[in-house]
Structures are given as structure tokens and as C-alpha cells.
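Work through the following exercises with the sequence and the structure open beside you. Try each task before you read its solution.

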Amino acid sequence: MSKTILSLLLAACCLPASLPAAHAADAAKKDPAAVKCSGAVAEALKDIPFITEKKPNLKAKYYVYLMSASWCAACNVEMPHVVQEYKDMAKKKVEIVYVNGDKTPEEATAFMKKYKADFPCILIASQDTQKLPGFKRIMNFPWAIVVDADGNVLQSARADKVFNDWRQTTGTPQPKKRKK
């Protein structure tokens, strides 16, 4: 997918939401199931048991399926940058669904704690990954798949490329190099 198309799609996520936040919050208090999902991805996500307490934003316009694991050296390099940018991405209606390649939930949560990652996590070995629209299991880590709310794949590439495109599209500065 060209950078221009990806730029336009990610720029669209900066537009104001069509549902007022106050109305959505009131609906959630009355009946959590009444919160309107924003597409096929959200519908699938609401029934998936995550290994983290953090649940995904079901009103996101875009989702990034981020595949990585604690044993992956490149994942350990990229994760601090992803964590740093996650808050900015969430403000722009982009949700990260972390698909971890570790063998156990304990390994996955330890990896997330190490980097203070606060996004929903599921194990790649979980059968629930098959329910995610647009998700394709790729064992080249770190890898990211960007989908719209309906699960249409917009980009599938190494995570560093996806996040560099994000930085260029939104004008987010490159993260500072980590000191060794």
C-alpha cells in the first residue's frame, strides 16, 4: 500500500468521533454490552479473552495487530518505542492488539511489564486469533498488520516500518535512540 493511501487513512483517524463521548460513557454505565462497536474487528474483539486486564477500544477506526515476543531481539528494541507512542495512537482512534509469540501467558505478561506496555494482549497460539478479521499469523517478528474497523488490511510489514510510516504520517518525531 502506498504511503499516500496509508497517510490519508491514518489522517482520517484524527477527525472527531461521530458519537459524543458523554453519550457513550452513559451507555457503558447502564449496559456495557450496549456500547456500539465500530466494525467487524470490534465485534470479534469483544468476545476474546485477553491475558491482560486492558481491553481494546471497540470504537477504534484502525487496529494494529502487533506480533512480537520476549525472545525476539528486534522486538525488545522496538517495544519501548511502541509503548511511548501508544498513548498518542489511542487518542487518534488507533488501537494496538498485541499478539504475543511466547509460550505462556506468564512470559507474555512479564515481557509487557518489563516495558510497561498497556495494551490488550493475546497469545499467538490462541485459537481466538482466527476470529480476528484481517489477521494472518506470521512468524517473522516483530510484525504488524494494520486493518480498518472492518478488518480490511491496509498494511502488513515489519513493525518498525509500520511505526515509522505512522510517525511520518502523523508528524510524530522519531523516538530517541536508547543508550546502551
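**Exercise 1. A salt bridge within a helix**

Task: Find the partner of Lys161 in a salt bridge, and decide for each of the two residues whether it is buried, partly exposed or exposed.

Solution: Begin with Lys161, which has a relative accessible area of 39% and is therefore partly exposed, since that class covers the values between 20% and 50%. Bear in mind from here on that this is a predicted model. Next, look for the partner: Lys161 forms a salt bridge with Asp165, and the closest N and O atoms are 3.0 Å apart. Asp165 has a relative accessible area of 5%, so this residue is buried. Finally, place the pair in the chain: both residues lie in helix 6 (residues 159–170), where they are 4 residues apart, about one turn of the helix.

**Exercise 2. Other salt bridges**

Task: State how many salt bridges a search of the whole structure finds, and describe those of Glu43 and Asp128.

Solution: The search of the whole structure gives 5 salt bridges. In one of them, the side chain of Glu43 meets that of Lys46, with 3.2 Å from N to O. Glu43 has a relative accessibility of 39%, and therefore counts as partly exposed; Lys46, at 43%, also counts as partly exposed. Asp128 meets Lys131 in a salt bridge with 2.8 Å from N to O. Here Asp128 is buried, because its relative accessible area is 12%, whereas Lys131 is partly exposed at 47%.

**Exercise 3. The order of the elements**

Task: Count the helices and strands of the chain, and write down their order from the N terminus.

Solution: The chain contains 6 helices and 5 strands. Read from the N terminus on, their order is α-α-α-β-α-β-α-β-β-β-α. To complete the picture of the chain, note that 46% of its 180 residues are buried. Among the contacts with a separation of 6 or more, 65% are between residues 24 or more positions apart.

**Exercise 4. The backbone in the loops**

Task: Locate the cis peptide bond, and describe the places of Lys93 and Lys116.

Solution: The cis peptide bond joins Phe141 and Pro142, with an omega of about -10 degrees. Pro142 belongs to the loop between strand 3 (121–123) and strand 4 (143–148). Turn next to Lys93, a residue other than glycine with a positive phi, near 65 degrees. Lys93 sits in the loop between helix 4 and strand 2 (94–100), and counts as partly exposed because its relative accessible area is 22%. Lys116 likewise has a positive phi, near 55 degrees, and is found in the loop between helix 5 (105–115) and strand 3. With a relative accessibility of 70%, Lys116 counts as exposed, the limit for that class being over 50%.

**Exercise 5. Aromatic pairs**

Task: Say how many aromatic pairs the whole structure holds, and work out whether the pair of Trp71 and Phe141 is stacked or edge-to-face.

Solution: A search of the whole structure finds 6 aromatic pairs. The ring centres of Trp71 and Phe141 are 5.4 Å apart and the planes stand at 25 degrees, so this pair is stacked. The pair links distant parts of the chain, since Trp71 is in the loop between strand 1 (62–68) and helix 4, while Phe141 is in the loop between strand 3 and strand 4, 70 residues apart. Trp71 is exposed at 54% relative accessibility, but Phe141 is buried, with a relative accessible area of 7%.

Compare this with Phe111 and Tyr115, whose pair is edge-to-face, with 5.3 Å centre to centre and 80 degrees between the planes. These two residues are 4 residues apart in helix 5, and therefore about one helical turn separates them. Phe111 counts as buried at 3% relative accessibility, and Tyr115 counts as buried at 13%. As a last step, follow the ring pairs further: they link Tyr86, Tyr98, Phe111, Tyr115 and Phe119 into a cluster.

Terms used
Residues numbered from 1 in each chain as written. Heavy atoms only, no water. Salt bridge = Lys/Arg side-chain N within 4 Å of Asp/Glu carboxyl O. Buried < 20%, exposed > 50% of the residue type's maximum accessible area, 1.4 Å probe, protein only. Contact = heavy atoms within 4.5 Å. Phe/Tyr/Trp six-rings, centres within 6.5 Å; stacked < 30°, edge-to-face > 60°.
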